[in-house]
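Biologist: Please take a close look at one single part of this model and lead me from there to its surroundings. I would like one connected account rather than a list.

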Amino acid sequence: MEQKALKIEAARAALGHVEDGMRLGIGTGSTAAEFVKLLAEKVAAGMRVIGVPTSERTAAQCLELGIPLSTLDETPELDLTIDGADEFDRHLDLIKGGGGALLREKIVAAASARMIVIADESKRVDTLGRFPLPIEVNRFGFKATVLAIGRAADQLGLSGPVTLRMTDEHPFVTDGGHLILDASFGRIPDTRALSSALHAIPGVVEHGLFLDMARLVIVAGQHGVESVHADQEI
């Protein structure tokens with residue numbers, strides 16, 4: 001089965017967790033986009049939901065397909081967020097932010113009673129870090145922030161290039177007006193220590209380690225769809 005087909009199957013399984021009347025966080029990325037298409041079909045058939053999108057791109061897709069939207073200011077408590085991930089491990093810790101929406105994704109997920117992740121089997125890893133870790137940073141003091149990230153990584157025994165994300169010849173700019181660094185550290189043995197070290201750097205707005213947030217990962221693979229819970233070893 002092709003990767004796109006796997007993403008659709010994961011999204012279809014996640015839709016089974018959406019109930020009429022839910023306040024729903026709606027993620028960003030290729031797998032989340034497939035979920036939005038399927039959700040729109042349910043809305044067209046009469047399902048009532050209020051969606052809070054995690055990016056301008058997701059908001060545009062939802063509006064185009066007729067999914068009613070709100071904001072976190074209007075709807076600050078959500079029942080469920082459904083989003084994709086760039087990686088997940090056996091603890092259901094994640095790396096997210098490959099699409100550049102990590103800050104809003106984390107804010108929306110934190111405002112939700114539950115977070116369900118949808119992914120194809122290629123996103124499963126033993127240890128996080130195969131996918132470069134996105135780090136959203138403020139423009140002010142950019143070079144000082146890059147140096148501070150490098151020092152923090154050194155102290156944790158991590159190494160590898162930390163590069164500014166580009167779009168064509170220009171820096172990628174997030175919906176919040178920030179820049180993104182992609183840190184190719186490789187395996188990250190102590191994700192919590194790295195999370196704390198990055199949060200201690202003033203120029204770091206947020207990072208793509210989503211720890212202790214997902215309660216369920218729906219994984220689509222060649223042998224079907226598997227639901228992996230946070231208390232279940234994978």
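Modeller: Helices and strands are here DSSP runs, of at least four residues for a helix (H or I) and at least two for a strand (E), and they are numbered from the N terminus. The model is a predicted one, and the part I have chosen is His-17, which is placed in the loop between α1 and β1. Since buried means under 20% relative accessible area and exposed means over 50%, His-17, with its relative accessibility of 26%, counts as partly exposed.

Leaving aside residues up to four places away in sequence, His-17 is in contact with Met-22, Leu-80, Arg-114, Ile-116, Leu-216 and Ile-218. Leu-80 is a partner from another stretch of the chain, for 63 residues separate the two in sequence, while their C-alpha atoms are 8.8 Å apart in space.

From this loop the view passes to the largest nonpolar core, which has 26 residues and in which Val-18, Phe-35, Leu-39, Ile-67, Ile-82 and Ile-118 touch the most other members. At least two residues of this core come from each of α1 (3-15), β1 (23-26), α2 (30-44), β3 (80-83), β6 (115-120) and β14 (216-221), and α2 contributes the most, with six residues. Ile-82 shows how these pieces meet: not counting residues up to four places away in sequence, Ile-82 touches Ala-14, Val-18, Gly-25, Ile-26, Gly-27, Phe-35, Ile-116 and Ile-118. Ile-116 is thus a contact of Ile-82 and also a contact of His-17. Apart from this core lies another, of 22 residues, including Leu-128, Ile-188, Ile-201 and Leu-209.

On the other side of the loop in sequence, β1 pairs in the parallel sense with β2 (residues 50-53) over four bridges, and in this pairing Arg-23 stands opposite Ile-50. Between the two strands the chain runs through α2, and the resulting β-α-β crossover is right-handed.

Elsewhere, three strands in the order β4-β5-β13 form an open sheet with antiparallel pairing, whose edge strands are β4 (87-88) and β13 (209-210). Within this sheet, β4 and β5 (residues 94-95) are joined by two bridges, and Glu-87 stands opposite Ile-95. Phe-210 has the charged end of Lys-106 over its ring, 4.8 Å from the centre, and Arg-165 lies over the face of Phe-172, 5.6 Å from the ring centre.

Definitions and conventions:
Residues numbered from 1 in each chain as written. Predicted model: local features only at pLDDT ≥ 70, side-chain atom pairs only at ≥ 80, totals over all residues. Heavy atoms only, no water. Core = buried A, V, L, I, M, F, W, Y, C linked by side-chain atoms within 4.5 Å. Buried < 20%, exposed > 50% of the residue type's maximum accessible area, 1.4 Å probe, protein only. Contact = heavy atoms within 4.5 Å. Pairing = 2+ DSSP bridges. Right-handed = clockwise from strand over helix to strand, strands pointing away. Lys NZ or Arg CZ within 6 Å of the ring centre and 35° of its normal.
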